[in-house]
Amino acid sequence: MQPELSVQNLSKTYDDGFQALKNVSLDIDKGEIFALLGPNGAGKTTLISIICGLVNPSSGRVTAAGHDIQRDFRAAREAIGLVPQELSTDSFEKVWKTVSFSRGLFGKPPNPAHIEKVLRDLSLWDKRNNRVMSLSGGMKRRVMIAKALSHEPDILFLDEPTAGVDVELRRDMWEMVRKLRESGVTIILTTHYIEEAEEMADRIGVIRNGELILVEDKSTLMSKLGRKELRLHLHTPMEKMPPELADQPIELSDDGYELIYTFNSQQEQANVALLLRTLGELGVEYRDLQTRESSLEEIFVGLVHHD
Ligand SMILES: Nc1ncnc2c1ncn2[C@@H]1O[C@H](COP(=O)(O)OP(=O)(O)OP(=O)(O)O)[C@@H](O)[C@H]1O
């Protein structure tokens with residue numbers, strides 16, 4: 001199957017000589033939710049802006065829904081909906097009008113039934129006759145999404161969709177994104193909230209200094225790079241690590257009351273059983289045992305700050 005979005009060897013050097021993207025290649029399938037993670041200035045917005053035809057690439061090729069974004073600009077752009085990072089919604093226009101107008105910009109004939117559906121799906125129907133500028137920040141953000149969906153795009157870009165949005169609205173947005181995916185829309189989102197990527201994405205790409213350093217299924221990423229931690233709370237403090245445990249990835253807490261064992265998620269649980277048996281043989285008693293897996297956030301911080 002042809003990917004819905006294909007980015008091949010894309011590079012961008014801005015006029016001042018700054019190289020914001022370095023040979024980025026990425027294929028995204030129809031119906032995927034793809035999260036692009038990266039620290040500030042990594043190149044996320046540049047990548048999205050090139051795909052949406054707002055910035056010219058220095059080299060490389062992009063196809064969206066099978067259309068080359070440079071040779072076949074109109075068709076490619078029509079296939080894409082973009083919800084930009086900056087909200088430009090200080091409009092005197094009413095919600096219905098501004099959303100319908102966006103559709104017209106793509107040369108699509110009016111389709112009130114579609115606009116109604118979009119507004120209803122985004123819980124904006126009751127506000128359709130309100131002026132955009134009179135809406136709350138969260139509602140304005142929904143209007144931005146409605147505008148991006150007005151021309152029935154196949155691919156939707158959400159550039160930091162929930163920045164500055166409260167937790168409740170964030171959850172509503174996630175719900176909405178899932179519904180969109182069910183209707184066959186491919187979704188690419190950038191986010192600083194790792195929780196968001198963890199919650200939503202099928203695949204995750206990590207971009208750093210203009211390079212796509214990793215693309216992986218979320219679950220693979222978490223099991224490959226995630227670590228598990230086992231903490232044993234001891235009955236009596238231990239003064240130093242017994243020699244039998246010296247070659248294990250195990251640490252003793254400063255107060256001597258905790259043994260902390262870390263292991264790769266992929267590694268066999270059998271190692272844990274072995275550790276517990278060794279402790280039993282040594283007569284080390286513990287009152288409590290806790291396990292914990294590293295979050296995507298910890299994995300991400302590790303990726304972005306180390307080589
Ligand atoms: N027009 C421009 N001219 C020169 N440099 C630019 C231009 N636009 C962006 N840059 C630089 O390119 C780099 C990537 O910027 P970009 O906005 O793509 O990052 P980002 O990953 O989206 O960051 P953020 O998370 O902060 O939005 C930054 O260092 C930025 O300063």
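Okay, let me start with one residue: N9 has 12 C-beta neighbours inside 10 Å, so N9 counts as exposed. N9 sits in strand 1, residues 5-13. What caught my eye is the backbone: phi of N9 is near 50°, which is a positive value in a residue other than glycine. Keep in mind that this is a predicted model.

There's a second residue like that, E152, with phi near 55°, again positive and again in a residue other than glycine. E152 is in a loop, the one between helix 5 (137-149) and strand 7 (155-159). Is E152 buried, exposed or partly exposed? With 17 C-beta neighbours inside 10 Å, E152 counts as partly exposed.

Let me zoom out to the whole chain. We've got 10 helices and 14 strands. The radius of gyration is 25 Å, and the globule rule gives 19 Å for 307 residues; the chain is well over that, so it's more spread out than a compact globule. If you box up the C-alpha atoms along the principal axes, you get roughly 80 × 45 × 40 Å. Buried residues come to 32% of the 307. And if you take contacts between residues at least 6 apart in sequence, 71% of them join residues at least 24 apart.

Now back to strand 1, and the sheet around it. This is an open sheet of four strands, in the order 2-1-4-5, with antiparallel pairing. Which strands are at the edges? Strand 2 (19-28) and strand 5 (67-68), and each of those pairs on one side only. Strand 5 is joined to strand 4, residues 59-64, by two bridges, in the antiparallel sense. Right there, A64 of strand 4 stands opposite H67 of strand 5. Helix 1 packs on this sheet and touches strand 1, strand 2 and strand 4, and its direction makes about 65° with that of strand 2.

While we're on strand 4, have a look at T63, which is in that strand. T63 has 22 C-beta neighbours inside 10 Å, so T63 counts as buried. What does T63 touch, leaving aside its neighbours within four places in sequence? The contacts are S6, D68 and I69. As for D29, which is 34 residues away along the chain, its C-alpha atom is separated from that of T63 by 12 Å.

Helix 1 brings me to the ligand. The residues around the ligand are Y14, D16, F18, A20, G38, N40, G41, A42, G43, K44, T45 and T46. Which element gives the largest share of that shell? That would be helix 1, residues 44-51, with three residues. By type, the shell splits into six polar, four nonpolar and two charged residues.

Next up is strand 3, residues 33-37. Five of its five residues are buried, so strand 3 is largely enclosed by the rest of the structure. As a reminder, side chains in a regular strand alternate between the two faces of the sheet. Here, I33, A35 and L37 point one way and F34 and L36 the other way, and all are buried. What does strand 3 pair with? One partner is strand 8 (residues 186-190), which runs parallel to strand 3 and is joined to it by four bridges. Within that pairing, A35 has L189 of strand 8 as its bridge partner. Another partner is strand 9, residues 203-208, also parallel and also over four bridges. On that side, L36 stands opposite G205.

Last stop, further along the chain. There's an open sheet of four strands with the order 12-13-11-14, and the pairing is antiparallel. Strand 12 (250-252) and strand 14 (286-293) stand at the edges with a single partner strand each, so one side of each is left without a neighbour in the sheet. From one strand to the next, the twist averages 15°. If you want to find the start of that order on screen, strand 12 and strand 13 (residues 258-264) pair in the antiparallel sense over three bridges. A handy landmark there is E251, whose bridge partner in strand 13 is I260.

That's what I have, thanks.

Technical notes:
Residues are numbered from 1 along each chain as its sequence is written. This is a predicted model: local features need pLDDT of at least 70, side-chain atom pairs count only at pLDDT 80 or more; totals for chains, interfaces and linings use all residues. Two strands pair if DSSP finds at least two bridges between them. Axes are lines fitted to C-alpha atoms, for helices over the stretch in contact, and angles run from 0 to 180 degrees between N-to-C directions. A residue is near a molecule or strand if its C-beta atom, placed from the backbone, lies within 6 Å of it. Ala, Val, Leu, Ile, Met, Phe, Trp, Tyr, Cys and Pro count as nonpolar, Asp, Glu, Lys and Arg as charged, and the others, Gly among them, as polar. The radius of gyration is taken over C-alpha atoms; the globule rule is 2.2 Å times the number of residues to the power 0.38. A residue is buried if 20 or more other C-beta atoms lie within 10 Å of its own, exposed if 12 or fewer, and partly exposed in between; C-beta atoms are placed from the backbone. Two residues are in contact if their C-beta atoms, placed from the backbone, lie within 7 Å.
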